[in-house]
Amino acid sequence: MPIKHFLAFLMALILPVAAKGQAAGEPVTAQIVIHADKPGATIAPQIYGHFAEHLGRCIYEGIWVGPDSSIPNTRGIRNDVVAALKNINIPVLRWPGGCFADEYHWRDGIGPREQRPKRINTHWGGVIETNGFGTHEFLDLCEQLGCDAYISANVGSGTPAEMMEWIEYMTADADSTLANERRKNGREKPWKIRYLGVGNESWGCGGNMRPEYYADEYRRFATFAKSYSGNRLFKVACGSNGEDFNWTDVVMKQVGARNMNGISLHWYTLPTGDWQSKGKATDFPPQQWDSTVMRTWRMEALLEKHLATMDKYDAQHRVGLCVDEWGTWYDQEAGSHPGFLYQQNSIRDAVVAAVNLNLFNNHADRVAMANIAQTINVLQAMILTDKERMILTPTYHVFEMFKVHQGATLLPTENPAADHDVENGTKVRSVYASASKDAKGAIHVSLVNARHDTPAKATLKLEGVAAKKVSGRVLTSDKLDGHNTFDQPDAVKPAPFDGAEVKDGQVVVALPARSVTVLAIE
Ligand code: AHR
């Protein structure tokens, strides 16, 4: 027997939980143990964070329409979008990039809007950046949303002085020239800025640096990221591009755990894994459903390996992992600008979102933040807009359903083993779960059936409590690429779920194929 198969055989014998793969059509069975008797870490609300870049129609049209627009707005910011994001309890918003951040000069975006310089957005389509949306507009947006601001500072083409002055402008309450300039521009009180990203993708669009060089740059920039007037910055070092574990190793070692609060990780899910031909957002073959699940599940191995690397230099777990870009990346929609990264969003995206959010929950002891890319009209968006119209995507609905986990206590969950053959002998899990207990004592379990053609029967064994009552909601679609359009905005939306029952203190759940379910258990 080849060693690979022997190990798989051994694992099947020793694993306490199992999911049994069966022929398409027959339900897959999955046993899931939930340790209500061993409560874990608090699930940081920031795991449910977002990212808005000056890219395509994310900021302009998606968020900013200007105060004179006929689209209802508050000081230029769309009211419908703000209400929708508040409804998912958006905890933190990352801005202004992405790649855009390392070419952004904050002074371009302050003062009278009509006098702001126009620049070329070299990364995203070469379009004109009017700077109509700048620091005041972004922080007004965060206040309207009631969320933390995550500012991504320019390390690639900026200077420590520029970054330092920006921080003083935003956060100082002093009688200093910069704080007074902010006042002159209409903001008396300083803002609180919670998160500061020191560079973005410094291994690529942020400067093509080597990790050794970046580590020195981080140390230099972070020295000048000062705390003014009681503002405390959570400093996030630029982390790895997916599987580049050496980057994490070198940055952790050379910067040191005492000099940062977080380190980032970026991982995008491409159905084909090929950047030249990524695959379509809708109307894709079933094989690309499976390859998407396979590639997105790599996040679990990435989390484990990067966290193990971080542990080498941070045994006390001072540093949090911030997955500040993740999500699906498809070929752009036909007829849309190639530099605008506009893509539809289907039930497959909902499954991708739920798989990742379950993984982040299950690593709540170390994952301090995650920011799906991107909020509106770009990549795996929550919201799509067409002038005054707005639709909520299946991904949005997952964030809405999962908001019960924000700030709750993780209940460690033993997920089933990988049971489903997808590609060249690679197996993935069919069913993914995480669970938490909220402040009122309610237990919530989020379940994904990632099989596109096969229902699943999951048995939840709760250790430490006897389940009495269960209710829930489900998101699914009768189509492989079920999605919402401006003509059919509610084609995919959550519905009440009656497929769960309590039997002998356990919860037995009938999960439809391609579905996301959140249960409340009493
Ligand atoms: O989210 C789109 C781009 O992807 C970001 O600008 C960059 O950081 C990443 O490569």
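Here are four short exercises, with worked solutions, on a predicted model.

**Exercise 1. The disulfide**

Find which cysteines form a disulfide, and work out which parts of the chain the pair ties together.

*Solution.* Start with the cut-off: two cysteine sulfur atoms must lie within 2.5 Å of each other. The sulfur atoms of Cys99 and Cys205 are 2.2 Å apart, so this pair meets the rule. The count for the model comes to one disulfide.

Next, place the two partners. Cys99 sits in the loop between strand E6 (92-95) and strand E7 (119-121), and Cys205 in the loop between strand E10 (195-198) and helix H6 (211-223), so the bond ties together parts that are 106 residues apart in sequence.

Now look along the S-S bond. Its torsion is about -90°, so the disulfide of Cys99 and Cys205 is left-handed.

Finish with accessibility, where buried means under 20%. Cys99 has a relative accessibility of 12% and counts as buried, whereas Cys205, at 26%, is partly exposed.

**Exercise 2. Cysteines in no disulfide**

Take Cys147 and Cys238, and find how far away the nearest cysteine sulfur is for each.

*Solution.* Begin with Cys147: the nearest cysteine sulfur belongs to Cys142 and is 4.1 Å away, and Cys147 is in no disulfide. Its relative accessibility is 10%, so Cys147 is buried.

Then turn to Cys238. Here the nearest cysteine sulfur is that of Cys205, 8.9 Å away, and again Cys238 is in no disulfide. With a relative accessibility of 1%, Cys238 counts as buried.

**Exercise 3. The ligand and its shell**

Describe the residues that surround the ligand, and trace the polar atoms that lie beside its oxygen atoms.

*Solution.* First, the shell. The ligand is surrounded by 13 residues, and the closest are Glu53, Cys99, Glu201, Tyr268 and Glu325. Sorted by class, the shell holds seven nonpolar, three polar and three charged residues.

Second, the polar atoms. For Cys99, a backbone N or O atom lies 2.8 Å from a ligand oxygen. For Tyr268, a side-chain N or O atom is 2.8 Å from an oxygen atom of the ligand. Glu325 places a polar side-chain atom 2.7 Å from a ligand oxygen.

Third, the cover. The ligand taken alone exposes 280 Å², and the protein buries 94% of that area. Notice that Cys99 turns up here as well as in the disulfide of Exercise 1.

**Exercise 4. Arg366 and its aspartate partners**

Decide whether Arg366 is buried or exposed, and find which side chains it joins through polar contacts.

*Solution.* Locate Arg366 first: the loop between helix H9 (347-362) and strand E14 (367-373) holds it. Its relative accessible area is 4%, so Arg366 is buried.

Then follow its side chain. One polar contact, of 2.6 Å, links Arg366 to the side chain of Asp311. Another, of 3.5 Å, links Arg366 to the side chain of Asp314.

Now move to Asp314, which belongs to the loop between helix H8 (286-313) and strand E13 (320-328). Asp314 has a relative accessible area of 2% and is buried. A polar atom of its side chain also lies 2.8 Å from the backbone nitrogen of Val319.

Last, compare the neighbours, leaving out residues up to four places away in sequence. Asp314 touches Met252, Ala257, Val319 and Arg366. Among the residues that Arg366 touches are Leu307, Met310, His317 and Leu321. Val319 appears in the contacts of Asp314 and in those of Arg366.

Key
Residues numbered from 1 in each chain as written. Predicted model: local features only at pLDDT ≥ 70, side-chain atom pairs only at ≥ 80, totals over all residues. Heavy atoms only, no water. Helix = DSSP H or I, 4+ residues; strand = E, 2+ residues; numbered from the N terminus. Buried < 20%, exposed > 50% of the residue type's maximum accessible area, 1.4 Å probe, protein only. Polar contact = N/O pair within 3.5 Å; in protein donor to acceptor, adjacent residues only side chain to side chain. Contact = heavy atoms within 4.5 Å. Near = heavy atom within 4 Å. Areas by Shrake-Rupley, 256 points an atom, 1.4 Å probe, with all protein chains shown as cover. Nonpolar A, V, L, I, M, F, W, Y, C, P; charged D, E, K, R; others polar.
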